[in-house]
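Biologist: I would like to learn how to read the packing and the charged pairs in a model like this one. Could you take me through them, giving the general idea before each case?

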Amino acid sequence: TRGFAILSTEVTQGEFNVRMGYTPAYYHAGCAACPAETVNWHEAAAYCNALSTAAGRPSCYTCSGSGASVSCSPSGTYATPYDCPGYRLPTEAEWEYAARAGDTRATYNGELDSGHLLCETPNTVLDPIAWFCGNSGSASHAVGTRTPNAWGLYDMLGNVWEWCHDWWDGADYP
């Protein structure tokens, strides 16, 4: 019900290092174009605050500590995440909306049936749009190397997991 902006790719190791001063990576450490992949929710929130500070915007999270030991929570200044004018993680609903890009199918490249939920190769639905267990070689890959969705967003499915402001709780949606 509200407009929002979202990065077109996952945050890269290079981008994370510029703002945070360290590079969280297990696969392809030192690959500036690869996603920051071993980030916990608190580090992701602290990164959003660093972006806000650099842009002269208010912080959406209250954080203490640094590095992988940082601890963050949503700022008590704003009644909802939508009210904070700084950078923040998308809500799970915003992420879902952005990932689908107006499509109502399971993915923006087609439906997934029980056969497509396995790590099959080739996978005509997932191969063009996502790095996943069937084509990734069990490693992350440089961001933006698969076909984007209709809104120009890359890696919304696969490569590495994304964090949401309100976490994912496994609930079924109507």
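**Helix packing, core and salt bridges**

Modeller: H1 passes H2 in a left-handed crossing, a term used when the near helix is turned anticlockwise from the far one by less than a right angle, clockwise being right-handed. Helices (H or I, at least four residues) and strands (E, at least two) are DSSP runs, numbered from the N terminus. This is a predicted model, in which local features need pLDDT of at least 70 and side-chain atom pairs count only at pLDDT 80 or more, while totals for chains, interfaces and linings use all residues. Residues are numbered from 1 along each chain as its sequence is written, and side-chain values use heavy atoms, with hydrogens and water left out.

Biologist: At what angle do H1 and H2 pack, and which residues make the contact?

Modeller: Two packed helices are described by the angle between their axes and the distance between the axes. Here H1 and H2 pack at about 70°, with axes 10 Å apart; axes are lines fitted to C-alpha atoms, for helices over the stretch in contact, and angles run from 0 to 180 degrees between N-to-C directions. H1 and H2 are therefore roughly perpendicular (65 to 115 degrees; under 35 is roughly parallel, over 145 roughly antiparallel, the rest oblique). On H1 the contact (heavy atoms within 4.5 Å) involves Glu 15, Phe 16, Arg 19 and Met 20, and on H2 the residues include Ala 46, Tyr 47 and Leu 51.

Biologist: Which residues touch the most other members of the largest nonpolar core?

Modeller: A nonpolar core is a set of buried Ala, Val, Leu, Ile, Met, Phe, Trp, Tyr and Cys residues joined through side-chain atoms within 4.5 Å, where buried means under 20% relative accessible area, exposed over 50% and partly exposed in between (1.4 Å probe, protein chains only). In the largest core, of 17 residues, they are Phe 16, Trp 41, Tyr 61, Cys 72 and Leu 89. Helix H2 (residues 41-54) supplies the largest share of this core, seven residues.

Biologist: How many salt bridges are there, and which parts does the pair Arg 2 and Asp 83 tie together?

Modeller: With a salt bridge taken as a side-chain nitrogen of Lys or Arg within 4 Å of a carboxyl oxygen of Asp or Glu, the count is four. In the pair of Arg 2 and Asp 83, the closest N and O atoms are 3.4 Å apart. Arg 2 lies in the segment before helix H1 (13-20) and Asp 83 in the loop between strand E2 (71-74) and helix H3 (92-100), so the pair ties together parts that are 81 residues apart in sequence.
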